[in-house]
Amino acid sequence: MTGNLAHTPLFEWHATHGGRMVDFAGWAMPVQYASIVAEHTATRTAVGLFDVSHMGRFRIAGPDAESLLDRIVTRRVAGMKPGQIRYALVTNDAGGILDDVLVYHLADREGHTFYHLVVNASNRAKIWNWLEQHRGGAQVELTDTTVATAMIAVQGPRALEIVRPLTEVDAARLRYYTGEMTAISGGHAIISRTGYTGEDGCELIVPASAALEIWERLENAAGQFGGMAAGLGARDTLRLEAAMPLYGHELNEDIQPFQAGLGFAVDLEQRTFPGRDALATLRDDVRAPRRAGWKLSGKRVPREGYPLLAGDEPVGHVTSGTFSPTLGAPIAMGYVRPDLAVAHTSVMIDVRGTRVPAQCVSLPFYRRTS
Amino acid sequence: MQPQDLLYAKTHEWTHLAEEDGTKIATVGISHFAVEALTDLVYLELPEVGRQVKAGESFGEIESVKAVSDLYSPVTGEVLEVNRALPDNLGLFQDDPYGEAWIAKIRVTDEASLRDLLDHNAYEKQCAEEGH
């Protein structure tokens, strides 16, 4: 089943530790080890370790690196200080979302600065080609470092405690959405205060050759706090509770950032990037369906594609749904007309032929308290 | 009930057969293998009492955090009784899949429908192949 798939440097570890390997964007990834709910809860209450090496990673260096990125992504890259990380979008000429990405501005030991782009696994080739297509005569050195490195997300209230003994840079000193180069296990790594779970934590980009040793040390340390390795199943329930959009579900080329609730990630003033002019118009489109979230009664889970109804009228469909372990209730996200995308309004969700009432709630579904 | 004494559908439902007044009564549930594969159960829809079911026909559903799966009747017959305590105690599937987690009792109306069921050895073999 997972024969022709790419393996992360941690594949063997997953396979020998009960990981149920599935195809995710061409990679053999663990969807879960024992239980999604246990892994989810461990991340909310202690710490979860995630192999996210399938995410695409590009290093962009050279004198024109900043200007190349600045004319491709929806947020300003010019003026980002070394250490800063920004969530941004890559849009096409029509303003449709090609990907959501993290832009890292980093400095190496010698003080040379460069950029790093983390993109979705499913969009790695597309964004690489987009960069190539738009580089023109820019003096940049583009390197796809995805295979040479591994990426490990350490997430949860105890995350920083287990990372601190391993890295030269103190994770607790990093502010949210900043990152630095650090020594780790004799090699060099990028450590950042970022994540995709709604918890505090950090992400490490480490040499592939050092990944297993680092992972095992983290896993040992996590166990002492009741933490554990967690698969893509828990990553999905965690990000969904935190109402973070997922490419291919809430985001695609027919969705523009404003309707997705990602206006904060679009900076149009005195900028030039593909889709900029289209977005200047779309920003004021009050009729575009908007991303919203619903909590359902009962226990049945709304799955992707299930119809949303206002009375008998189809008004959209579910883009992601799950049973929220934290809320103990089914939750869903999707797109509906703006008057229905308002907290306390209701829709019905057609769950395999049964209409289940769903109440629109303000997002996120879950917000950590500390 | 001991798993060795049960019959199994390829779709992972188990069946225990008992004679009552000359007719066969099938008690059905889902196997430990199925419970382990599903994990994180959140919802069970029981069949309706009185419903006529055919072997292999969907007669309920079981849902986990990850996915929803149909429950298939392992026999042809009439649903006599369902385990109403089960939907609110889904942990029983984990604790006692072949006992407390029985799903329904069905009066078998067509004994030919039993012929496709697997014995424990054959079922174990199928699971070993699937689990690989």
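The buried residues of helix α2(A) are covered by elements that include β3 (48-51), β9 (149-155), β13 (228-229) and α7 of chain A. That is a good place to enter this predicted model, and the helix itself is mostly covered, with 8 of its 10 residues buried. The buried set consists of A:I36, A:V37, A:E39, A:H40, A:T41, A:A42, A:T43 and A:R44.

**Where the chains meet**

Helix α2(A) turns up again at the contact between the two chains. Chain A gives 12 residues to this contact, and chain B gives 8 residues. On the chain A side, α2 (36-45), α7 (232-241) and β16 (313-324) each supply at least two of the residues that touch chain B. By type, the chain A residues at the contact split into 4 nonpolar, 5 polar and 3 charged.

**The two chains side by side**

Here is how the chains look as a whole.

| Property | Chain A | Chain B |
|---|---|---|
| Helices and strands of chain A | 8 helices, 19 strands | – |
| Helices and strands of chain B | – | 3 helices, 9 strands |
| C-alpha extent of chain A along principal axes | roughly 65 × 50 × 45 Å | – |
| C-alpha extent of chain B along principal axes | – | about 40 × 30 × 25 Å |
| Buried residues of chain A | 48% of 370 residues | – |
| Buried residues of chain B | – | 40% of 132 residues |

For chain A, the globule rule gives 21 Å for 370 residues and the radius of gyration is 21 Å, so the chain is as compact as a globular protein of that length. A compact globule of 132 residues would have a radius of gyration near 14 Å, and the 14 Å of chain B agrees with that.

Contacts between residues far apart in sequence feature in both chains. Taking contacts with a separation of 6 or more, residues 24 or more positions apart account for 66% of them in chain A. In chain B, the corresponding share is 59%. Read along its sequence, chain B follows the order β-β-β-α-β-β-β-β-β-α-β-α.

**A barrel in chain A**

Six strands of chain A form a closed barrel in the order β14-β17-β16-β15-β18-β19, with antiparallel pairing. On average, and ignoring direction, neighbouring strands of this sheet are turned by 45 degrees against each other. Helix α7(A) packs on the sheet, where it touches β16 and β17 (329-336) of chain A, and its direction makes about 120 degrees with that of β16(A).

How many bridges join strand β14 to strand β19 of chain A? There are 4 of them, between β14 (residues 290-296) and β19 (residues 354-361), and the two strands run antiparallel. Within β19(A), A:A358 is the residue that stands opposite A:L296.

**Nonpolar cores**

In soluble globular proteins, nonpolar side chains tend to be buried together. The largest nonpolar core in this model has 116 residues, and A:V73, A:V103, A:I152 and A:V154 have the most contacts inside it. Strand β6 (residues 97-107) of chain A gives the largest share of this core, 7 residues. Leaving out residues up to four places away in sequence, A:V103 touches A:L69, A:V73, A:V77, A:I85, A:R86, A:A88, A:Y115 and A:L117. A second, separate core has 20 residues, among them A:L240, A:W294, A:V336 and A:V356.

**Backbone details to check**

A few backbone features may catch your eye as you look through the model. The peptide bond joining A:L363 and A:P364 is cis, with omega about 0 degrees. A:P364 lies in the segment that follows β19 of chain A.

Two residues other than glycine have positive phi values. In A:A243, phi is near 60 degrees, and this alanine sits in the loop between α7 and α8 (276-282) of chain A. In B:H12, phi is near 80 degrees, and this histidine sits in the loop between β1 (7-8) and β2 (13-20) of chain B.

Are these two loop residues buried or exposed? A:A243 counts as buried because it has 22 C-beta neighbours inside 10 Å, where 20 or more are needed. B:H12 has 23 such neighbours inside 10 Å, so B:H12 is buried too.

Methods
Residues are numbered from 1 along each chain as its sequence is written. Chains are lettered from A and ligands numbered from 1 in the order in which they are written. This is a predicted model: local features need pLDDT of at least 70, side-chain atom pairs count only at pLDDT 80 or more; totals for chains, interfaces and linings use all residues. Two residues are in contact if their C-beta atoms, placed from the backbone, lie within 7 Å. Ala, Val, Leu, Ile, Met, Phe, Trp, Tyr, Cys and Pro count as nonpolar, Asp, Glu, Lys and Arg as charged, and the others, Gly among them, as polar. Two strands pair if DSSP finds at least two bridges between them. Axes are lines fitted to C-alpha atoms, for helices over the stretch in contact, and angles run from 0 to 180 degrees between N-to-C directions. A nonpolar core is a set of buried Ala, Val, Leu, Ile, Met, Phe, Trp, Tyr and Cys residues joined through C-beta atoms within 7 Å. A residue is buried if 20 or more other C-beta atoms lie within 10 Å of its own, exposed if 12 or fewer, and partly exposed in between; C-beta atoms are placed from the backbone. The radius of gyration is taken over C-alpha atoms; the globule rule is 2.2 Å times the number of residues to the power 0.38.
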